[in-house]
Amino acid sequence: MITQECKIQNLAREYCKIFSAEARVIDNFGPSLEVLPVYLMYRPANAVPYVTVEADLPGDYQRFSVLDQAGRLDMRTGSDVEQKCCALQHWIFQWTNGNMLLTRLEGIDMKITNVGISVKSTGHQGLSVEGSPKVFEHFVSQHRCNYFCGLLSLRSLKVVDSLLMTGKSKASKSPLLQRKMAADSSPQMGRKASGSPRLEGAKFITVIVSLSGVRHPLQGPCTQEGLVMGN
C-alpha cells in the first residue's frame with residue numbers, strides 16, 4: 001500500500017511536470033501547479049520498515065478535489081488554483097484518452113499533495129487501482145471548461161468522450177502538441193513526441209547507500225524521486 005501511494009503521487013508529478021512546462025509558455029497562465037515528490041524510506045530496524053516522506057507545507061491546507069461518500073467527484077472552482085486543478089484533471093484525462101483521472105487533489109497554494117488516481121482498467125501505467133466507471137461519467141458530465149482549459153486548447157470533454165466511444169481517438173498526445181508543432185516552442189517537445197510520459201520511478205534499480213561506513217545494496221521503487229535509508 002505504501003509503495004503504491006508513492007508510485008501514484010510520483011506518477012502524477014511526472015504528468016504535472018509536462019502540464020506545467022506547457023503552461024509556462026502561455027503568457028497569461030501565471031504560476032503553475034507542482035505535485036510534491038514522495039520519498040520511500042526503508043527502516044530495517046523498525047516494526048514498520050517502509051514509510052513515505054515528503055516536504056512539510058506550512059499554510060492553509062485545502063482540498064481542491066475529493067470523492068464524496070457516493071463516489072462522485074467534488075471539484076471546487078472558485079479560485080485560480082482550483083480552476084488550474086480542474087484544468088490539470090481535464091488535461092490528463094485527454095492525454096490518457098480517458099483512461100486516467102486525478103480524483104483527489106489537496107495542498108497549499110500551487111503545491112499539490114495526497115494525490116488520488118482512478119484508472120478505467122487495472123494495470124494502466126502499472127497501477128493496480130481501479131475506479132468506478134461512474135466516476136469518469138460524472139467527470140465528463142460535470143466538468144465545465146474554464147479560462148485555463150481554454151488557454152491550453154483543451155477539447156470539450158463531451159467531444160473527447162464521443163471520440164473514445166466511436167474508437168476514433170488516436171494515441172495519447174499532449175493537447176498543445178499539434179498547436180506547438182510548427183513553432184516548436186515547447187521546452188518539453190522532445191518528451192511529448194514519444195507519446196505518453198513514463199514514470200522512470202516505476203522501475204527498479206540498485207542503489208548503493210552508506211550506513212556506519214558499510215556499503216549496502218538496496219532495491220526499491222520510486223527511484224525518480226529517490227529512495228532513502230533511515231535508522
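**Fold, helix packing and local features of the predicted model**

N114 is found in strand β7. At this position the backbone adopts a positive phi of about 50 degrees, although N114 is not a glycine. With a relative accessibility of 32%, N114 counts as partly exposed. The structure described here is a predicted model. A second non-glycine residue with a positive phi is D109, for which the angle is about 55 degrees. D109 is placed in the loop between β6 (100-108) and β7 (111-119). Its relative accessibility is 54%, so D109 is classed as exposed. As a general background to these two cases, most residues other than glycine have a negative phi.

The protein has 231 residues, of which 47% are buried. Its secondary structure consists of seven helices and ten strands. Among the contacts with a sequence separation of 6 or more, 61% join residues that are 24 or more positions apart.

The packing of helices was examined for two pairs that have α2 in common. Two packed helices are described by the angle between their axes and the distance between the axes. The axes of helix α1 (residues 2-24) and α2 come within 11 Å of each other and cross at roughly 110 degrees. The two helices α1 and α2 are therefore roughly perpendicular. The crossing of α1 over α2 is right-handed. On the α1 side, the contact is formed by Y15, C16, I18, F19 and E22, and on the α2 side by K84, A87, L88, W91, I92 and W95. By class, the residues of this contact between α1 and α2 comprise nine nonpolar, no polar and two charged.

Helix α2 (residues 80-95) also packs against helix α3 (residues 133-142), at an angle of about 120 degrees and with the axes 12 Å apart. This angle makes α2 oblique to α3. The crossing of α2 and α3 is left-handed. The residues that meet are Q89, H90 and F93 from α2 and F136, F139 and V140 from α3. The contact of α2 with α3 contains four nonpolar and two polar residues, and no charged ones.

Within helix α2, the surroundings of I92 were considered individually. I92 has a relative accessible area of 0% and is therefore buried. Apart from residues up to four places away in sequence, I92 touches Y15, M100 and L102. Y15 and I92 both belong to the contact described above between α1 and α2. I92 also has A12 at a C-alpha to C-alpha separation of 9.1 Å, although the two residues are 80 positions apart along the chain.

Two further positions, R63 and P58, were considered in the region of strand β4. R63 lies in strand β4. Its relative accessible area of 47% falls between the limits for buried and exposed residues, so R63 counts as partly exposed. The C-alpha atom of R63 is 4.3 Å from that of E106, a residue 43 positions away along the chain. When residues up to four places away in sequence are set aside, R63 touches R76, L105 and E106. P58 occupies the loop between β3 (50-53) and β4 (62-67). With a relative accessible area of 65%, P58 is exposed. P58 and G107 are separated by 49 residues in sequence, and their C-alpha atoms are 9.8 Å apart in space.

The cysteine residues were examined last. A search of the whole structure identifies zero disulfides. For C86, the closest cysteine sulfur is that of C85, at 7.1 Å, which is too far for a bond. C149 likewise takes part in no disulfide, and the nearest cysteine sulfur, belonging to C145, is 4.5 Å away. Because a disulfide requires two cysteine sulfur atoms within 2.5 Å, neither distance qualifies. C86 has a relative accessibility of 4% and counts as buried. C149, with a relative accessibility of 1%, also counts as buried.

Technical notes:
Residues are numbered from 1 along each chain as its sequence is written. This is a predicted model: local features need pLDDT of at least 70, side-chain atom pairs count only at pLDDT 80 or more; totals for chains, interfaces and linings use all residues. Side-chain values use heavy atoms; hydrogens and water are left out. Buried means under 20% relative accessible area, exposed over 50%, partly exposed in between (1.4 Å probe, protein chains only). Axes are lines fitted to C-alpha atoms, for helices over the stretch in contact, and angles run from 0 to 180 degrees between N-to-C directions. Helices (H or I, at least four residues) and strands (E, at least two) are DSSP runs, numbered from the N terminus. Angles under 35 degrees count as roughly parallel, over 145 as roughly antiparallel, 65 to 115 as roughly perpendicular and the rest as oblique. A crossing is left-handed if the near helix is turned anticlockwise from the far one by less than a right angle, and right-handed if clockwise. Contact means heavy atoms within 4.5 Å. Ala, Val, Leu, Ile, Met, Phe, Trp, Tyr, Cys and Pro count as nonpolar, Asp, Glu, Lys and Arg as charged, and the others, Gly among them, as polar.
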